[in-house]
Amino acid sequence: MDVRLKRAYDPAAPTDGYRVLIDRLWPRGISREHARLDDWTKELAPGTELRQWFGHDPGRFEEFRRRYIEELRSQRPRLTALRKRARDGTLTLVYSAHDTEHNDAVVLAEVLRHGLPKRQS
């Protein structure tokens with residue numbers, strides 16, 4: 001399974017395969033032509049309340065990750081569709097966050113590669 005991550009501000013490349021924007025909001029200053037997307041799955045983005053609470057604060061990332069995974073549990077059909085895309089060829093998750101290590105794309109890629117973790121009791 002080939003799941004890659006790429007910032008929306010980086011140029012698209014033929015090796016990106018199927019490009020999916022996973023942010024709820026369109027990236028500032030990026031035209032549709034520059035983005036060269038195959039899909040935009042806003043529904044897989046963190047909810048507005050969670051996104052605003054996180055505020056891209058690395059100190060909140062582990063809690064953000066936990067809450068975001070809980071939100072993703074209700075999106076199983078969309079996750080399955082993306083997982084199938086990744087099995088059929090390269091899937092690139094496109095996101096706009098500046099921090100390449102602490103963002104929703106990192107969590108989503110982990111879920112696509114390994115599945116949803118079991119709930120903690």
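Val 107 is buried in this predicted model, with a relative accessible area of 1%, where buried means under 20% relative accessible area, exposed over 50% and partly exposed in between (1.4 Å probe, protein chains only). The residue sits in helix 5; helices (H or I, at least four residues) and strands (E, at least two) are DSSP runs, numbered from the N terminus. Leaving aside neighbours within four places in sequence, Val 107 is in contact with Phe 61, Phe 64, Arg 65, Tyr 68 and Ile 69, a contact being heavy atoms within 4.5 Å. Phe 61 lies 46 residues from Val 107 along the chain, and the C-alpha atoms of the two are separated by 9.8 Å.

A word on conventions is useful here. Residues are numbered from 1 along each chain as its sequence is written, and side-chain values use heavy atoms, with hydrogens and water left out. As the model is predicted, local features need pLDDT of at least 70 and side-chain atom pairs count only at pLDDT 80 or more, while totals for chains, interfaces and linings use all residues.

Val 107 has company within helix 5, which runs over residues 104-114: the buried residues of this helix are Asp 104, Ala 105, Val 107, Leu 108, Ala 109, Val 111 and Leu 112. An α-helix has 3.6 residues a turn, so residues three or four places apart point the same way. The cover over the buried residues of helix 5 includes strand 1 (3-7), helix 3 (61-72), helix 4 (76-88) and strand 4 (91-95).

The two ends of helix 5 also deserve a look. At the N-terminal end, Asn 103 acts as the cap, with a side-chain oxygen 2.8 Å from the backbone nitrogen of Ala 105. The side chain of Asn 103 also reaches the backbone nitrogen of Val 106 at 3.1 Å, and one of its polar atoms lies 2.7 Å from the backbone oxygen of Asp 99. Polar contacts are pairs of N or O atoms within 3.5 Å; within protein, one must be able to donate a hydrogen and the other to accept it, and residues adjacent in sequence count only if both atoms are side-chain atoms. Asn 103 belongs to the loop between strand 4 and helix 5 and counts as buried, at 0% relative accessibility. Not counting residues up to four places away in sequence, Asn 103 touches Phe 61, Phe 64, Tyr 95 and Ala 97. After helix 5 comes Gly 115, with a positive phi near 85 degrees.

Positive phi values also occur outside glycine. Most residues other than glycine have a negative phi, and most peptide bonds are trans. Arg 36, in the loop between helix 1 (32-35) and strand 3 (39-40), has a positive phi near 45 degrees. His 56, in the loop between helix 2 (48-54) and helix 3, has a positive phi of about 60 degrees. His 56 is partly exposed, at 42% relative accessible area.

Turning to the whole protein, there are 5 helices and 4 strands, and along the sequence they follow the pattern β-β-α-β-α-α-α-β-α. Of the 121 residues, 40% count as buried. Among contacts between residues at least 6 apart in sequence, 64% join residues at least 24 apart. Along its principal axes, the C-alpha trace spans about 45 × 30 × 20 Å.
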